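Subject: A structure for you to explore

Hi,

Here is the structure I promised to pass on to you. Please open it next to this email and look up each place as you read.

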Amino acid sequence: MAPVGKRVSLQTSITLSVLLIGLLTGTLGIGNAYWHAKQTRRTTAGLYFQELARHSADKVGLVLSKEIEWVQRLSAFPQVRDTVREGKRLALDTPELQRWREEQHQYFRSLAIVDRRGNLVGGGTSETTRAHYAQQPWWPIVLGQGRPWAGDLRVDERGRGYWEVAMPIAADDGTVLGVLKVAIGTDELFASILRARIGQTGHVMLLDEGGRVLVCPLLPPALHTKTDAFVGGRDQAHPNALGAAWAEVQNDSHGVGGGIVGVSPVMLPVPIAQERIWQILVRQDPKETYEPARILMWKLAWFWLGAIGLIALFGGRLAHRIVRPLGALVERVRLLGEGQLSQRLEIGKQADRVQIIEIDTLAESFNRLAERLETASQETQRYVQELEAANRELMRSEEHYRTLWDHAVDSKLIVDADGALRDVNRRGELKLGRRREEVVGTAVADLFVERDRSRFTELLCEVLATGKEGSAAEMHVPVAAGSMLTMELDMVPIEKTGSVVAVLLQLSDITDKKQLEQQLLRSERLASLSQFASMFAHDIRNPLAGIKKTLELLSHRTELQVEPLGRLFGDLQFTTELLLGMINDMLDVYQESYSGLPLVPSRFSVGTLLQEVAHLFKSEAEAKEVTIRVELPEDVTIVGDRRRLQRVGINLVHNALKYSPPKGLITLSVRTEHEAKPGVGGKSPGAPFLLLQVQDQGPGVDPEKLPHIFEMFFQKKDGRDFRIGRGLGLHFCRLVVEAHRGRIWAANEASDGAVFSVALPLNGDDRCRSGS
C-alpha cells in the first residue's frame with residue numbers, strides 16, 4: 001500500500017468566502033434596484049396609457065356625436081319629412097340639402113329612408129322588404145322609443161370600414177314618421193384620432209366590445225389577436241359601467257406578451273342607443289417601454305463588474321492554493337464531459353505533497369459516479385436509438401393519415417359527445433366556405449338548415465347511445481355564398497376504452513346529382529307533354545273547323561235566326577271560335593323552337609272584351625251562385641291581339657271562378673294609370689298604362705308560391721283538390737302579356753281572396769310584337 005501524505009482540512013484554505021459574500025450581496029442589490037425601477041416604469045407608463053386611452057375615447061365619442069348631429073340635422077329638414085309622408089324619392093337639389101351633401105360627402109357612404117310600415121321610400125316595396133327592416137335591431141328602438149340608434153363598426157367587401165346610424169324622422173308633435181338610415185365611412189373619420197404615436201412602437205387602436213381589433217394604424221385588423229386585458233363594454237346606463245383602466249397583459253393583440261396597455265370605452269350621449277360599445281386601446285412594445293430600466297440595469301452591472309474585479313484581485317492569491325489541488329479533478333471532469341467515461345482518478349499515491357481530505361473523498365465518489373454513468377450511458381444510447389426509430393415511423397404515419405384526411409373526396413368532421421365540432425378536413429372547409437378555426441367549437445347541428453336539425457340530433461344521440469353506425473339520405477347545408485348544398489350523411493362512432501367518445505361525420509355532396517335528376521325529369525316531362533299537346537291540338541283542329549263551318553252555314557237559314565235559336569247559334573259560334581283559338585295557342589306555346597307568340601294587333605274596346613268574358617261564364621257562375629261584376633269607369637281602347645288578350649281574361653276569370661266559394665263575388669275592373677310601372681312599356685317605360693284586375697273571394701295563394709305560379713307546369717302539390725289544373729293557363733297568360741310589353745302579377749287581399757293584375761301600355765307603336 002502506498003504511503004499516505006499529510007492531509008489538512010479544506011476549510012482552513014477557504015478564505016474566498018469574502019468574495020462569495022460580496023458577489024451575493026452585490027447581485028441581490030442590483031436585482032432589487034432593477035425590480036424597483038421596472039415597477040416604477042410600469043406604473044408610470046400604465047397611468048399615461050390609461051389617460052391617453054381615455055382622451056382618445058373622448059375624441060372618438062365627440063367625432064361620432066358630431067356625425068350623429070349631422071344626421072339629426074338632415075332628418076329635421078322639411079324635405080325629408082315630406083318625402084316620408086308622400087312616399088317619394090328624396091331630391092337633393094335644394095340649397096340646404098346641397099350644402100349638407102357637400103359638407104358630408106367625404107364621410108357618407110349610403111342613405112335610406114324607411115316609413116313606419118317598413119317600406120323603402122322612393123324604391124321598390126314588398127313583403128320581403130318590410131320583413132327585412134322590421135327585423136333590424138334599430139327598428140324597435142327608433143320607431144318604438146323615438147331614440148337615435150348607433151350600430152357597430154363593419155367592413156365592406158372592399159375592406160373599408162363603415163358605421164350605421166338610424167335616426168327617427170319626427171313630426172312637429174313628436175310623432176315618429178319614419179327612419180333615416182345612414183352608412184358613414186370611418187377610414188377618414190378616425191384617421192386623425194388614431195394617428196397619435198408613443199415613441200417608435202406605441203399607437204392607438206379601436207376594438208369592439210369582444211376585444212376584436214377594428215382599426216389599427218400599423219397592421220390590418222385580420223393580423224391581430226384577441227387581447228386578454230379587454231375591458232368589457234356595457235350599456236352606459238348600467239350602474240356598474242367600466243371606465244378607463246390599464247394592465248400588464250400576456251397578449252396585447254400584436255402577439256407580444258408582457259406589455260402594458262391602456263383601455264377606455266367610447267361612450268355616446270345618453271339619448272343615443274348604442275348597439276356595441278367600442279374600446280380605445282393604447283399599446284407599446286414592452287421592449288421600448290422598459291428600455292430606460294434596462295439602461296439603468298446595464299449601468300449598475302458595469303459598476304458591479306468593476307467591484308468584482310477589485311474583490312478578485314485581493315482574493316486571487318488566497319484562491320491560488322485551492323485551485324492547484326483541484327486541477328487534476330477538473331481535468332478528469334472535462335474528460336468525463338467529452339464522453340471518456342473510462343478515465344479514473346488516482347487517489348492518495350503522492351506522499352510528497354499535502355493532500356486535502358475533502359478532495360480525496362470527492363475523487364472516490366467521482367470514480368464511482370463515472371462507473372455508473374458509463375453503464376447508464378450504454379443503456380441510454382440503446383434506448384435513444386430505439387426511440388428515434390419509433391418517432392420517425394410515427395411521424396411518417398401521422399403525415400400519411402393527415403394527408404388522407406385532408407384530401408378525402410368527401411367532407412369529414414369529428415364531433416364530440418356534446419355535439420361540438422372538434423375537427424374538419426380540408427374538403428369540408430372548401431364545401432362549407434369556412435376555415436377550421438371558425439367552426440371548431442361550434443354546435444355541429446347549426447351547420448344544417450332548421451328543418452333538418454332535429455333529425456340530425458336524434459341520429460347523433462342514437463349513434464352515441466348504441467355505438468352503431470347511422471346514416472341519413474338527404475341533409476341540407478347552407479354555405480357562405482348563399483347557396484344550399486344537398487348532402488348524404490354517414491355517422492361512424494369513435495370508441496376509446498370501450499365507450500363512444502366522438503363521432504365521425506361523412507358528408508357526401510349530391511347537390512349536382514339532385515339538380516341533374518330534376519332537370520332530366522323536367523326535360524322528359526316537357527318533351528312528352530309537348531309532343532302529346534302538339535299531336536292532340538293538330539288532330540282536333542280539323543274536326544272543330546268542320547263544326548265551325550257547319551254552324552256558319554246553319555246560321556244563314558231563316559228558320560234558325562228567330563229567338564232563342566239565333567242567340568244559341570251565336571253562342572255556339574263564339575265558343576267554337578274561342579276553342580279554335582285555344583288550340584292555336586297551344587300549338588304556339590309548344591312549338592319546337594319557341595321565340596315568342598305571333599300576335600295579330602288591332603284596336604278594340606277593353607270594356608266590350610270584359611263583357612264578353614263575363615257573358616261566357618254567366619251560366620257556370622249562376623250554377624255556383626257566384627256573381628261576376630264588371631266595373632268600367634271609362635271606355636278604353638288599346639292596340640293588341642284581341643283574341644289572345646280575351647284568352648287571358650278567360651283564363652283569369654276561370655281560375656277565380658274555380659276557387660270562389662258559393663255566394664262569392666268576382667270583380668273585373670279596368671282603369672288607366674299614369675304613374676310609371678317597372679317592366680311595362682318596353683322602350684317607353686314611363687308612359688301611361690292600362691291596369692286590368694280580376695279579384696275573387698277565394699282562399700288566396702300561398703305566399704311562398706306567389707313568385708312561381710306563372711311558371712310552366714307549376715301547380716299545387718295536393719292531389720286531393722280536383723280544382724288543380726295542369727300549370728299551363730297562367731303560364732300562357734304571362735307569355736301573352738309579356739308579348740304585349742306588359743306585366744302580370746298576383747297578390748293576396750288583406751281579408752280573403754286573391755287579385756290578379758295585368759298592366760298593358762297605352763301609347764305609341766311599341767305596344768306589342770306583331771308576328772306573321
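Lys-663 counts as exposed, because its relative accessibility is 65% and the cut-off for exposed is over 50%. You will find Lys-663 in the loop between helix H16 (642–659) and strand E22 (665–673). Keep in mind that this is a predicted model.

What is the phi of Lys-663 near? The value is near 70 degrees, which is positive, and Lys-663 is a residue other than glycine. Most residues other than glycine have a negative phi, so a positive value is worth a look.

Arg-741 is another residue of this kind: its phi is near 60 degrees, again positive in a residue other than glycine. Arg-741 sits in the loop between helix H17 (729–739) and strand E24 (743–748). Is Arg-741 exposed, partly exposed or buried? With 28% relative accessibility, Arg-741 counts as partly exposed, because partly exposed covers the range between under 20% (buried) and over 50% (exposed).

Now please turn to Arg-116. This residue belongs to the loop between strand E2 (108–115) and helix H4 (127–134). Its relative accessible area is 45%, so Arg-116 is partly exposed. Which residues does Arg-116 touch, if we leave out those up to four places away in sequence? They are Trp-139, Leu-143, Val-176, Leu-177 and Gly-178. With Val-176 there is a further detail: a polar atom of the Arg-116 side chain lies 2.9 Å from the backbone oxygen of Val-176. Val-179 is 63 residues from Arg-116 in sequence, yet their C-alpha atoms are 7.6 Å apart in space.

Next comes a spot on the surface. Leu-218, Leu-219 and Leu-223 make a nonpolar surface patch of about 250 Å². One of them, Leu-219, is placed in the loop between strand E8 (213–215) and strand E9 (245–249). Leu-219 is partly exposed, with 31% relative accessible area.

Finally, here is the whole protein. There are 772 residues, and 39% of them count as buried. The secondary structure adds up to 17 helices and 25 strands. Among contacts with a separation of 6 or more, 62% join residues that are 24 or more positions apart. About 44,500 Å² of the protein is exposed, and carbon and sulfur atoms supply 55% of that area.

Enjoy exploring, and write back with any questions!

Best wishes

How values were computed:
Residues numbered from 1 in each chain as written. Predicted model: local features only at pLDDT ≥ 70, side-chain atom pairs only at ≥ 80, totals over all residues. Heavy atoms only, no water. Helix = DSSP H or I, 4+ residues; strand = E, 2+ residues; numbered from the N terminus. Buried < 20%, exposed > 50% of the residue type's maximum accessible area, 1.4 Å probe, protein only. Contact = heavy atoms within 4.5 Å. Polar contact = N/O pair within 3.5 Å; in protein donor to acceptor, adjacent residues only side chain to side chain. Patch = residues over 30% accessible without salt bridge, like charges linked within 9 Å, V, L, I, M, F, W, Y side chains within 5 Å. Areas by Shrake-Rupley, 256 points an atom, 1.4 Å probe, with all protein chains shown as cover. Salt bridge = Lys/Arg side-chain N within 4 Å of Asp/Glu carboxyl O.
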